Amino acid sequence: MKFEINALTLKKGLEDIQVKGKHLTSKGFSNSNFGSNVFAQCTGNELRLYNGDTIFLASLGVTVTNQITTSSEVSFDSSSLIPYLKSFGNQTITFEAGDYITIVAGAKKASVPKLVNHPNIEAVQRLKNMVAHIRYEPQPQTLWKFGNFNFEGAFSITNNYFIDCIKNCELVKSGIYKLDFNENVTISTTETVTNSYTETINPVFRLGEPATLQFSGALHSFFEKEQLLNFYVRDESPILIVANDRMLMKAPHVGGN
């Protein structure tokens, strides 16, 4: 794998794919992320980055200015590469993956290890294949198939509304969010009878049948603030969010909050 790309573009993509924010962890509701290990594929002028495990998949595409070798793939820990990309600044770098990964910009050259395999590669490949047919639609018109079912409802909201809603939900510190989709979209969270938050958002577009599900995680942080997000939902099923350059799938939260 060998290509040229803007250092800051790659840095941002590697940071975004970690989905940083407040998540439910073994230590409770706290700042965390989905991990720094990345599976990357380069085809044509797009470098596709993947992060995932058995219950979630995040994928985004960044533009390559010049692909030097044919399509290929590599896995690596982005935490070892991001500091160099930050140092290289707004320069075009040459990224090459052989026995290890090198990035070069002028007189600067950095080398970092690659992974033999992403630690969750089987799960990532399985989920990647399950969403391979899904595309961004400016207005949702397709209720996509996912595994052995089809999503039954879809709606679109701008991410700034989703961000504001989840930020307020986070103040409750439950970390579990209930989404009700009908004519409008209602997102709520409850820690105790006296500590809860509910917000109703009017979607830009809507399609299909009502649905109710619970999810956890800072899903909003994966997307750009002004992006229009297409949500695909079904009762007590995974939530799928698709934007023009990225998508995220997260299994539903099971159990009470």
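Buried means under 20% relative accessible area, exposed over 50%, and partly exposed in between, with a 1.4 Å probe and protein chains only. With that in hand, let's work through some exercises.

This is a predicted model, in which local features need pLDDT of at least 70 and side-chain atom pairs count only at pLDDT 80 or more, while totals for chains, interfaces and linings use all residues. Residues are numbered from 1 along each chain as its sequence is written, and side-chain values use heavy atoms, leaving out hydrogens and water.

**Exercise 1. Is Arg246 buried or exposed, and which acidic residues does Arg246 meet in salt bridges?**

Step 1. Start with accessibility: Arg246 has 5% relative accessibility, so it counts as buried.

Step 2. Now apply the salt bridge rule, which asks for a side-chain nitrogen of Lys or Arg within 4 Å of a carboxyl oxygen of Asp or Glu. Arg246 and Asp16 satisfy it at 3.1 Å, N to O. Arg246 lies in strand 22 (residues 246-250) and Asp16 in helix 1, so this pair ties together parts that are 230 residues apart in sequence. Helices (H or I, at least four residues) and strands (E, at least two) are DSSP runs, numbered from the N terminus.

Step 3. Arg246 also forms a salt bridge with Asp245, with 3.0 Å between the closest N and O atoms.

Step 4. Compare the two acids with the cut-offs: Asp16, at 15% relative accessibility, is buried, whereas Asp245, at 22%, is partly exposed.

**Exercise 2. Which residues does the salt-bridge network join?**

Step 1. Look at helix 1 (residues 7-16), where Lys12 lies. The side chain of Lys12 meets that of Glu224 in a salt bridge of 2.6 Å, N to O. Glu224 sits in the loop between strand 19 (211-216) and strand 20 (228-233), so the pair ties together parts that are 212 residues apart in sequence.

Step 2. Check both ends: Glu224 is partly exposed, with a relative accessible area of 31%, and Lys12 is partly exposed at 34%.

Step 3. Salt bridges that share partners join Lys12, Asp16, Glu224, Asp245 and Arg246 into one network. For the whole structure, the count comes to nine salt bridges.

**Exercise 3. How are the rings of Phe155 and Phe231 arranged, and over which ring does Arg246 lie?**

Step 1. Rings of Phe, Tyr and Trp (its six-membered ring) pair if their centres lie within 6.5 Å; planes under 30 degrees apart are stacked, over 60 edge-to-face, and the rest tilted. The structure holds 14 aromatic pairs.

Step 2. Phe155 and Phe231 are 4.8 Å apart, centre to centre, with 10 degrees between the planes, and the pair is stacked. Phe155 belongs to strand 14 (residues 153-158) and Phe231 to strand 20, so the pair ties together parts that are 76 residues apart in sequence. Both of these residues are buried.

Step 3. Phe222 and Phe223 give an edge-to-face pair, at 5.1 Å centre to centre and 75 degrees between the planes. Phe222 and Phe223 are both buried.

Step 4. For the wider picture, Phe155, Phe162, Tyr177, Phe181, Phe215 and Phe231 form one aromatic cluster.

Step 5. Return to Arg246. A charge sits over a ring if NZ of Lys or CZ of Arg is within 6 Å of the ring centre and within 35 degrees of the ring normal. Arg246 lies over the face of Phe222, at 5.4 Å from the ring centre.

**Exercise 4. Where is Val19, and what is the sign of its phi?**

Step 1. Val19 is in the loop between helix 1 and strand 2 (21-25).

Step 2. Most residues other than glycine have a negative phi. Val19 has a positive phi of about 55 degrees although it is not a glycine.

Step 3. Its relative accessible area is 0%, so Val19 is buried.

Step 4. Glu236 can be treated likewise: not a glycine, yet with a positive phi of about 50 degrees. Glu236 is placed in the loop between strand 20 and strand 21 (239-242).

**Exercise 5. Where does Asp164 lie, and how far is Asp164 from Glu199 in space?**

Step 1. Asp164 is in helix 4 (residues 159-170), and at 45% relative accessibility it is partly exposed.

Step 2. Asp164 and Glu199 are 9.8 Å apart, C-alpha to C-alpha, and 35 residues apart in sequence.
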